[in-house]
Amino acid sequence: MTTGIGTDSAPLIRVDALRRHYRRGPQTVKALDFLDLTVDRGEFVAVVGASGSGKSTLLNLLAGLDTPTDGAVLVEGRRLADFSRGELATYRASHVGIIFQSFQLIPHWTSLENVDLAFCFGPKAPDRRARARAMLSKLGLSDRLDHRPADLSGGEQQRVAIARALVRDPDVLLADEPTGNLDAENSTLIMDVLTDIRREGRAVVVTTHDVAMAERYAGRIVSLEYGKIVGQRRSGRGVSR
Ligand SMILES: Nc1ncnc2c1ncn2[C@@H]1O[C@H](COP(=O)(O)OP(=O)(O)O)[C@@H](O)[C@H]1O
Ligand SMILES: [Mg+2]
């Protein structure tokens, strides 16, 4: 898969000595402290850590929604910090999809409208409605197109959010505790969907505090503690799924 962002020979995403510090009064919170990480195409990486370990901070930086205090996020070898405004907008709209624990759907909009929202930013797409409809159908929601979030189950809402994240065919899907508000059955369903995405050659990065879930699905598990990577291992099982 070529993104046109950088060179194909470079890793899809590389994080180099990444730091994100927040000032809180006289104190400095080191949300991320000297992180090094590589994510390749087709990988399913789980970032595991307790609340406050820096998981959301990392995903926001990978998504280009936040800027590092120091260090860099490189996409196909190019530093996000060197992107022009236009390039960054295109990266965020077309190359990265992001989903959140709390779904972040617009309450008074239908499923179709919520997915179509992805086309309101970045490069224009003439067939947007058809693509939104097709993506919702692919996720088993063809009979929920006109429902509003309040009339959907939690699992269905999360699938609408996934449809919105995927409808522009991103190279990397970032999911921040996507099953945190779901029961076991819906969590399994969502993780199966994410596994299929990885099989299509995209990279998937999921954060979770559920180690068992990470081991069941991810090919690689990265453990975060207080903003540092304290362990990284392949989990064999995720690769063959
Ligand atoms: N905007 C902010 N201002 C100050 N501190 C923050 C901010 N965002 C996050 N933090 C702090 O950074 C640390 C990591 O937060 P976060 O990335 O949200 O962790 P996680 O997602 O693993 O729960 C926490 O100590 C949190 O309180
Ligand atoms: Mg978080």
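**Notebook: cores, pocket and selected residues**

I looked first for the largest nonpolar core and found 40 residues in it, with Phe44, Leu136, Ile162, Leu194 and Ile197 making the most contacts inside it. The elements that give two or more residues to this core are β3 (44–48), α3 (111–116), α4 (128–138), α5 (154–166), β7 (172–176), α6 (184–199), β8 (203–208) and α7 (211–217). Helix α5 contributes the largest share, six residues. I note that the model is a predicted one. In soluble globular proteins, nonpolar side chains tend to be buried together.

**Entry: phenylalanine 44**

I then listed the surroundings of Phe44, leaving aside its neighbours within four places in sequence. Phenylalanine 44 is in contact with Met191, Leu194, Thr195, Arg198, Val204, Val206, Tyr217, Ala218, Gly219 and Arg220. Apart from the largest core lies another, of 29 residues, and I recorded Ile13, Val75, Phe83 and Val205 among them.

**Entry: helices α1 and α2**

I asked how far α1 (55–62) is enclosed by the rest of the structure. Six of its eight residues are buried, so α1 is largely enclosed. I recorded the buried residues of α1 as Lys55, Thr57, Leu58, Leu59, Leu61 and Leu62. Just after α1, glycine 64 has a positive phi of about 75 degrees.

For helix α2 (residues 85–95), I found Tyr91, Ala93, Ser94 and His95 to be buried. These buried residues pack against β1 (13–24), α1, β4 (70–75), β6 (96–100) and β7.

**Entry: the largest pocket**

I looked up the volume of the largest pocket, which is about 440 Å³. The lining has 18 residues, and the closest to the pocket centre are Arg92, Ala93, Val96, Ile98 and Phe121. Ala93 is also one of the buried residues of α2. I checked which elements form the lining: α2, β6 and α5 each supply at least two residues. Strand β6 gives the largest share, four residues. By class, I recorded 13 nonpolar, two polar and three charged residues in the lining.

**Entry: histidine 21**

I located histidine 21 in strand β1. Is histidine 21 buried or exposed? Its relative accessible area is 16%, and the limit for a buried residue is under 20%, so histidine 21 counts as buried. The side chain of histidine 21 makes a polar contact with the side chain of aspartate 33, at 3.0 Å. Neighbours within four places in sequence aside, I found histidine 21 in contact with Thr28, Val29, Lys30, Leu32, Asp33 and Thr69.

**Entry: positive phi values outside glycine**

I noted two residues other than glycine with positive phi. Alanine 17 has a phi near 45 degrees, and its place is in strand β1. At 25% relative accessibility, alanine 17 counts as partly exposed. Phenylalanine 34 has a phi near 60 degrees and lies in strand β2 (residues 27–39). I recorded phenylalanine 34 as partly exposed, at 48% relative accessibility.

**Entry: alanine 134**

I placed alanine 134 in helix α4, an element that gives two or more residues to the largest core. Alanine 134 itself is partly exposed, with 48% relative accessibility. I looked up its separation from alanine 163, which is 29 residues away along the chain, and the two C-alpha atoms are 9.3 Å apart.

Conventions: Residues numbered from 1 in each chain as written. Chains lettered and ligands numbered in written order. Predicted model: local features only at pLDDT ≥ 70, side-chain atom pairs only at ≥ 80, totals over all residues. Heavy atoms only, no water. Core = buried A, V, L, I, M, F, W, Y, C linked by side-chain atoms within 4.5 Å. Buried < 20%, exposed > 50% of the residue type's maximum accessible area, 1.4 Å probe, protein only. Contact = heavy atoms within 4.5 Å. 1 Å grid on protein atoms, 1.4 Å probe; cavity = no way out; pocket = protein on both sides within 12 Å on 5 of 7 lines; lining within 4 Å. Points joined across faces, edges and corners; volume = space filled by probe spheres on them. Nonpolar A, V, L, I, M, F, W, Y, C, P; charged D, E, K, R; others polar. Polar contact = N/O pair within 3.5 Å; in protein donor to acceptor, adjacent residues only side chain to side chain.
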